[in-house]
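Please open the model in your viewer and keep the selection tool at hand. The tour moves from one selection to the next and says what is to be found at each stop.

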Amino acid sequence: MKYSIIFILSFFIFSCDDPSLEDPNSGIDEVIEPIQDLRQLSSIQVAINTPTNITRDINFIYNGLDLLSSIMETGNLNQSTTANYSNGNKLENLIIEEAVVPAVNVNVAYGNDDSVQAISNVELSYIDMAGVTHHKTLYIDPQNRFNRVVTRETDLSGVTSQVEELRLEYSQNFNVLRIEEIANDGFTITGYSDFTYNFNNNPFTDMNDIIRLYMFDEFVPYSRYLPATRLDYDLSTGTAILERSIDYQYVLDSEGYPVSRELSVTEGLMTTFYFEFFNYR
């Protein structure tokens, strides 16, 4: 698993009030009123090597119902993302735009488990400039957490191939202890990441669960806390080889939310420092 501060595209335990994970066949399409006392991000700045060397500035804009409506990013990557919702405030699609690249329309579809009247999976898909369809399926466990993520591609001839499968293992207090990379055979582990935690309130908690996993996966924002350490291992040779280690140091505000964190990322003999600053509404 190679580390990148670039966001590709997240949580401790999914709220029952999140309309994105409601049963789509329930017949209920009510408008959810704004939730009071939300702690929502207004922006994140990312710097490399020194705290003043800001390379990315990400701003979050919300609509009148406190739903995240757009993400504006400048710096090394100039990109805007618009989130569109149904009348019941269920996420329908994401439109991602860059300067000279045609906009990408990411559609969101919900799979239903009729046996328990709940959402069993969420699939995000888009078609790139070459006509290849990209699918990312998020599977939901009985405790309403994303525990498996499968990425596939369908080429112009209609052939679908698997690109990646990740399986998430949670602790009893809903922190992700391990993420496993699974081979196409469905059971061989080719790599894994182990995590440890210290107390902090996750700044992504009040963000739509699908958006934070899809857009901000490198933050590991689907855990109850953000991580204290991360160790990435490669198992492709049959022996676990440490590829990368990350140490996270936090500065918390009076309510336990991070206002900044420093990342020490070591790969081989090289260590790179990143600085992230969290601002709230």
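Helices (H or I, at least four residues) and strands (E, at least two) are taken here as DSSP runs, numbered from the N terminus. This is a predicted model, in which local features need pLDDT of at least 70 and side-chain atom pairs count only at pLDDT 80 or more, while totals for chains, interfaces and linings use all residues. Residues are numbered from 1 along each chain as its sequence is written, and side-chain values use heavy atoms, with hydrogens and water left out.

**The whole chain**

Begin with the protein chain coloured by secondary structure, which shows 1 helix and 16 strands. Of its 281 residues, 47% count as buried, where buried means under 20% relative accessible area, exposed over 50%, and partly exposed in between (1.4 Å probe, protein chains only). The chain exposes about 13,600 Å², of which carbon and sulfur atoms supply 51%; accessible areas come from the Shrake-Rupley method with a 1.4 Å probe, and for residues only the protein chains shown count as cover.

**Strands β14, β15 and β16**

Select strand β14 (residues 241-252) and strand β15 (residues 258-267), which run antiparallel and are joined by 8 bridges; two strands are said to pair if DSSP finds at least two bridges between them. Ser-245 has Thr-266 in β15 as its bridge partner. The two strands form a hairpin with 5 residues between them, and Gly-256 in the turn has a positive phi of about 85°.

Now add strand β16 (residues 270-280), which pairs with β15 in the antiparallel sense, again over 8 bridges. Here Glu-267 is bridged to Met-270 in β16, and in this second hairpin, with 2 residues between the strands, Gly-268 takes a positive phi near 65°.

Stay in strand β15 and pick Ser-260, which is placed there. Is Ser-260 buried or exposed? Ser-260 counts as buried because its relative accessibility is 15%. Leaving out residues up to four places away in sequence, Ser-260 touches Gln-249, Tyr-250, Val-251, Glu-276, Phe-277 and Phe-278, contact being defined as heavy atoms within 4.5 Å.

**Strands β1, β2 and β3**

Move next to strand β1 (residues 41-48), which runs antiparallel to β2 and is joined to β2 by 5 bridges. Val-46 has Arg-56 in β2 as its bridge partner, and the hairpin of β1 and β2 has 5 residues between the strands, with Asn-49 in the turn at a positive phi of about 75°. On adding strand β3 (residues 68-75), one finds 7 bridges joining β2 to this antiparallel strand, including the one between Asp-57 and Thr-74. The hairpin of β2 and β3 likewise has 5 residues between its strands, and Asp-66 takes a positive phi near 65°.

**Phe-60 and the largest core**

Within strand β2 (residues 54-62), select Phe-60, which counts as buried because its relative accessibility is 6%. Which residues does Phe-60 contact, its neighbours within four places in sequence aside? They are Leu-41, Ser-42, Ser-43, Ile-44, Leu-68, Ser-70, Ile-71, Met-207 and Phe-216. Ser-43 is 17 residues from Phe-60 in sequence, with a C-alpha to C-alpha distance of 5.8 Å.

A nonpolar core is a set of buried Ala, Val, Leu, Ile, Met, Phe, Trp, Tyr and Cys residues joined through side-chain atoms within 4.5 Å. The largest such core has 47 residues, of which Phe-60, Val-122 and Ile-211 touch the most other members. Helix α1 (residues 209-215) gives the largest share of this core, 5 residues. Another core, of 5 residues, lies apart from it and includes Ile-246, Tyr-248, Leu-263 and Tyr-274.

Centre the view on Ile-211 to find its contacts beyond four places in sequence, namely Leu-68, Ile-71, Ala-83, Tyr-85, Leu-91, Leu-94 and Phe-216.

**Two loop residues with positive phi**

Most residues other than glycine have a negative phi. Select Phe-174, in the loop between β10 (160-170) and β11 (176-182), where phi is near 70°; Phe-174 is buried, with a relative accessible area of 17%. Then go to Val-220, in the loop between α1 and β13 (227-234), whose phi is near 50° and whose relative accessible area is 0%, so that Val-220 is buried.

**Last stop**

Finish at Val-100, in the loop between β5 (91-98) and β6 (104-113), which counts as exposed because its relative accessibility is 78%.
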